[in-house]
Amino acid sequence: MAYNFKQEMNKPERLAGGHRMCAGCGGPVAVRGVLRALNPEDKAVIGCATGCLEVSTFMYPYTAWKDSFIHNAFENAGATVSGVEAAYKAMKRKGKINDDYKFIAFGGDGGTYDIGFQSLSGAMERGHDMVYVCYDNGAYMNTGIQRSSATPRFADTTTTPAGSVSTGKTQYRKDLSQVIGGHHIPYVAQTTFIKNFKDLHEKSEKAIYKKGSAFLNVLAPCPRGWRYPSEDLMKMCSLAVETCYWPLYEIEDGIWKLSYMPKEKLPIEEFLKPQGRFKHLFKKGNEHLIKEFQEEVDRRWNDLLVRCGEK
Amino acid sequence: MAIRERLSGNEAVATAMRQINPDVVAAFPITPSTEVPQYFSTYVANGLVDTEFVPVESEHSAMSACVGSEAAGARTMTATSSCGLALMWEELFIAASCRLPITLALVNRALSGPININADHSDSMGARDTGWIQIYSENNQEAYDNFIQAVRIGEHKDVRLPVMVCQDGFITSHAVENIELIEDDKVKEFVGEYYPQNFLLNSKQPMSVGPYDTPTYYMEHKRLQAEGMIKAKKVILEISEQFEKLTGRKYGLFETYKLDDADSALVIINSTAGTAKDAVDRLRAEGKKVGLLKIRVFRPFPAEEIAEALENTKSIAVMDKAEGFNSQGGPLCSEIKSALYNIENAPKIINYIYGLGGRDVKVDNIIEVYNELEKINKTGDIGNKYRYLSVRD
């Protein structure tokens, strides 16, 4: 069925309001966007790694989750939800339950790229019928903006501070979507919030309803960590896509497909400039750092175009 | 009719798992418990069980998957040893605090480092305060019997805690001995079906598990968890009684051997109790009043009952197959000392660290310990309270 923005937005929310996430946070936007792709009549068990999302949505005795929900620890959302899915298979086989369930795990980039990486890789390799969604805000925001392997190079974080002899993080970010692509699971996609959420919705729908393991990497900006005005969430996502810092693509049954080709690829400055964490790059004499950043974005973008058969 | 067999401790536990036919088993191989998931995989491969077997990529994920599975409403089991249990560390606490009655077959092995694959109790003793019920087994028969009872104990509504059933690596896990098995249908009838009160896959009542718990409620939750452990003692005894009716095999919180009139007693855990019983028999034949107490249930710790059983002895050697590294001795000794603290004219207590990393313990070594106790009884001089058995100085 064709995507209908108004209809989707009028669906009852499965993550209730009143949770404690910051104004302008990309996390709950990602969660709601993904859960909207569930058919309203379908049941789900949602898992979550420790992080902002977990501590803000399920503080005893209140839960914002209308579906069954499990938080275990920081590094094991993949393994935990794989256990839930295994229980479902066994109990269904034995006739102990009758309903159909979907299984979705959420983790930030800390719980996904770093500490939870092994658990995620194991769950994907074993092929559990589940979706793992990373809401990637590019640092350990919950503990106070420390670097992760998803943090872009040169970002000023509390463990890679820019200083008189430092220009911020020294390493480029890990390309986790492609690493999970290397697991050759049925579906991997990279997305974020652009235009009318069509890209996020369609990818979520495929990920949820495709049999087997699926992975979604959703860029979910954090106004506190990136230091931009909180009302600019959609603008930041758009700039990430239009500069090709965060290309939108999917790998479905081994076929790589670019989801969006910018009409005119914007220079990376457009994405970096509004963010306080890159402020030091715009000091006189640091022009070469922006040039280096641009070269890395271009190299990765070109590689992706080749993989997607666009070049 | 019970079935007479010859099985290793690992195969005995795997057989119990087959007979129970749990919903989910998630496990990762580690010597010497590897055989348990191996045997179990063959049962799955040959359709003897309809369990979902999850061959995870680490023990941390094994226990994480067990937590997910048990919370979902499935009867769930795993097996591990040594560093595997250590890697589960964080998850052991989470499983217990979420009140998830997972059953774990622990084949005791020394912790690294240096790396060593043989038996001692450093793994389970390190996990003694994680909130798990711990039941220990002298031989393959006890490992089998304890494992079947563990399911009922953990799942009991007054308890709802995970249970680890421990046996000594290689010494009993790999040694093939005679065993009496219960018929499959009788095991199934004994353990029954698992119907948890609340579970994730209950379509009538969705639930959230694993909250962020602030100081406003955290302490009440810990108090409730402690209550489960306190109540477990009674439940363990009730289930032993039912088990005795089924099999004729009687289990208490601990076993006493020729202890009633003993002047000198050993307190010991797992397989070395068998060796020690031989030593007791030999010394009894010489007219010496010696006996032993073998711990079966270490968590909950049956302190009052132990104190009552030991109060008339003159001296006790507590045998620890794990170092405590507190400069005072091993963990079992601390527990026994505190259990006897309020007894008037309490017996003298010495502690032996023995068998670390699989160091062999023979009947003569145990006789040496009893001789030391006899010396204390005669002279009244306790001497060194913190000793090592069979170690090069």
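How far apart do the C-alpha centres of domain 1 of chain B and domain 2 of chain B lie? In this predicted model, the two centres are 28 Å apart, where the domain assignment of chain B places domain 1 at residues 3–247 and domain 2 at residues 254–388. The contact between them draws on 28 residues from domain 1 of chain B and 20 residues from domain 2 of chain B. On the domain 1 side, the elements that contribute two or more residues are helix H6 (122–126), strand E6 (133–136), strand E7 (163–168) and helix H9 (218–247) of chain B, and the largest share, 5 residues, is supplied by H9(B). By class, the residues on this side of domain 1 of chain B divide into 13 nonpolar, 10 polar and 5 charged.

Considered as a whole, chain B contains 13 helices and 16 strands, and its C-alpha trace spans about 70 × 55 × 45 Å along the principal axes. The radius of gyration of chain B is 21 Å, which agrees with the value near 21 Å that a compact globule of 393 residues would have. Buried residues make up 56% of the 393 residues in chain B. Among the contacts in chain B with a separation of 6 or more, 80% are accounted for by residues 24 or more positions apart.

The next feature of chain B is a sheet and the helices that pack on it. Strands of a sheet pair through backbone hydrogen bonds, in either the parallel or the antiparallel sense. In chain B, an open sheet of 6 strands with mixed pairing follows the order E10-E12-E11-E14-E15-E16; its edge strands, each of which pairs on one side only, are strand E10 (254–257) and strand E16 (386–388) of chain B. From one strand to the next, the twist averages 20 degrees. The edge strand E10(B) pairs with strand E12 (residues 290–295) of chain B in the antiparallel sense over 4 bridges, and within this pairing Tyr257(B) has Leu292(B), in E12(B), as its bridge partner. Helix H10 (residues 272–285) of chain B packs on the sheet, where it touches E10, strand E11 (264–269), E12 and strand E14 (315–320) of chain B, and its direction makes about 165 degrees with that of E12(B). Helix H12 (residues 331–340) of chain B also packs on the sheet, touching E11, E14 and strand E15 (348–353) of chain B, with a direction that makes about 145 degrees with that of E14(B).

Chain B also meets chain A, through contacts that involve 38 residues of chain A and 38 residues of chain B. On the side of chain A that touches chain B, two or more residues are given by each of strand E1 (43–48), helix H3 (52–57), strand E2 (68–71), helix H4 (77–93) and helix H6 (117–126) of chain A. Of these elements, H4(A) gives the most, with 13 residues. The composition of this side of chain A by class is 19 nonpolar, 11 polar and 8 charged residues. Strand pairing also links the two chains, in that E2(A) and strand E9 (residues 208–209) of chain B pair in the parallel sense over 2 bridges. In this pairing, Ile70(A) stands opposite Val209(B) in E9(B).

Conventions:
Residues numbered from 1 in each chain as written. Chains lettered and ligands numbered in written order. Predicted model: local features only at pLDDT ≥ 70, side-chain atom pairs only at ≥ 80, totals over all residues. Rg over C-alpha atoms; globule rule 2.2 N^0.38 Å. Buried ≥ 20, exposed ≤ 12 C-beta atoms within 10 Å, placed from the backbone. Contact = placed C-beta atoms within 7 Å. Nonpolar A, V, L, I, M, F, W, Y, C, P; charged D, E, K, R; others polar. Pairing = 2+ DSSP bridges. Axes fitted to C-alpha atoms, helices over the stretch in contact; angles between N-to-C directions. Domains from an automatic or database assignment.
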